[in-house]
Protein chains: 2
Amino acid sequence: MSATTPETPTKLQLLELLAAIGTAQWRDFAAAAAHHGLTSTQAKVLAQLNGPLPMRALATLLVCDASNVTGIIDRLEGRGLVRREPDASDRRVKNVVATDEGREIIRRVREEMQATHGALDTLGAEDSATLYALLARLRPGMEKDA
Amino acid sequence: MSATTPETPTKLQLLELLAAIGTAQWRDFAAAAAHHGLTSTQAKVLAQLNGPLPMRALATLLVCDASNVTGIIDRLEGRGLVRREPDASDRRVKNVVATDEGREIIRRVREEMQATHGALDTLGAEDSATLYALLARLRPGMEKDA
DNA sequence: TCAGGATCCTTGACATTATCAATTGTTTAC
DNA sequence: GTAAACAATTGATAATGTCAAGGATCCTGA
């Protein structure tokens, strides 16, 4: 019964570890975003914008009120990092799209997450593949009710 | 060359997956915190308070200005979830400690992270152990410069 | 020792992010 | 075609964030 490396970790232990990793990653992300004059929230929004997203969808992703998103997008749009586009099939909806500049700045933020990069570099190809496979199995369940 | 399950994932792919897991976990956490009348920030602070922590240390962990922490702790203290204690060896320092009620409420928040719990439940004992070991190796590098 | 610099926390002014209630325009269901 | 439902915005207000400045305490070195 080793206290340091349990053969079968408690769900609570695994949860705690996963939370710690998530927290550390967030610190890394927030610090990198600040270097580029972005607030954490602005960076988080840019990170979500792989494709066009309705305001409402953003609110759901950010776990916040829809009215909040209006102001956030206003500011990002004012800095030219984001654009509002009308939706083709529903005129109520406005789709948010990252501009080239927006995509570029978030790319640089991700590049600068040194702690995260450094940590991942300690994993060999095989371990990386194992971790990737496990996390990929976790992902759908985690995103279920979003 | 399978596009869905790469044998050796790119570092970028692994990074992206890790970020997605972290984001989903945060959503789960924020939603559970709201159920208990806590803002995300308040819950995040409570989650950090395993032991006494100086205000300054909290600011570092939250990646924010020290002055910000004053107000956050003021409100948590007003609700009886947290206490300020003088430091024994340095009278400038105030250590923040979670009260019994504070510990209880954050325990319940963690309990209610259903998406995360559900996702972890899909892993068998062996996979859990593997994931735990891999994440444990990642952790020190991620927390290095905090 | 004690003067200067550094550190910890707080305050005050202000920008950003969050909530809620109400409004407008549009869609959907009946 | 009307009523209910939904998307986004506005306005009011609270919470969170930054920065500059200040008081208290610690530390270092002449």
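Me: Copies get superposed by least squares on the C-alpha atoms of residues with pLDDT of at least 70 in both. Which residue of chain B comes closest to the rotation axis?

Reply: This is a predicted model, where local features need pLDDT of at least 70 and side-chain atom pairs need 80 or more, while totals for chains, interfaces and linings use all residues. Residues count from 1 along each chain as written, chains are lettered from A and ligands numbered from 1 in written order, and side-chain values use heavy atoms without hydrogens or water. Chain B lands on chain A after a 180° rotation with 0.0 Å of shift along the axis (RMSD 0.1 Å), so the copies are related as by a two-fold rotation axis. At 2.4 Å (C-alpha), the closest residue of chain B is B:Gly22.

Me: Which residues of chain A does B:Leu138 touch?

Reply: B:Leu138 is one of the residues touching the most other members of the 30-residue largest nonpolar core (buried Ala, Val, Leu, Ile, Met, Phe, Trp, Tyr and Cys joined through side-chain atoms within 4.5 Å; buried is under 20% relative accessible area, 1.4 Å probe, protein chains only). Leaving aside residues up to four places away in sequence, B:Leu138 contacts (heavy atoms within 4.5 Å) A:Ile21, A:Ala119, A:Leu120, A:Leu123 and A:Leu131.

Me: At what angle do H2 and H4 of chain B pack?

Reply: These helices are DSSP runs (H or I, at least four residues), numbered from the N terminus. B:Thr41, B:Gln42 and B:Val45 in H2(B) meet B:Ile72, B:Ile73, B:Arg75 and B:Leu76 in H4(B). The axes (lines fitted to C-alpha atoms over the stretch in contact) lie 11 Å apart, and the angle is about 85°.

Methods: Buried < 20%, exposed > 50% of the residue type's maximum accessible area, 1.4 Å probe, protein only. Axes fitted to C-alpha atoms, helices over the stretch in contact; angles between N-to-C directions. Helix = DSSP H or I, 4+ residues; strand = E, 2+ residues; numbered from the N terminus.
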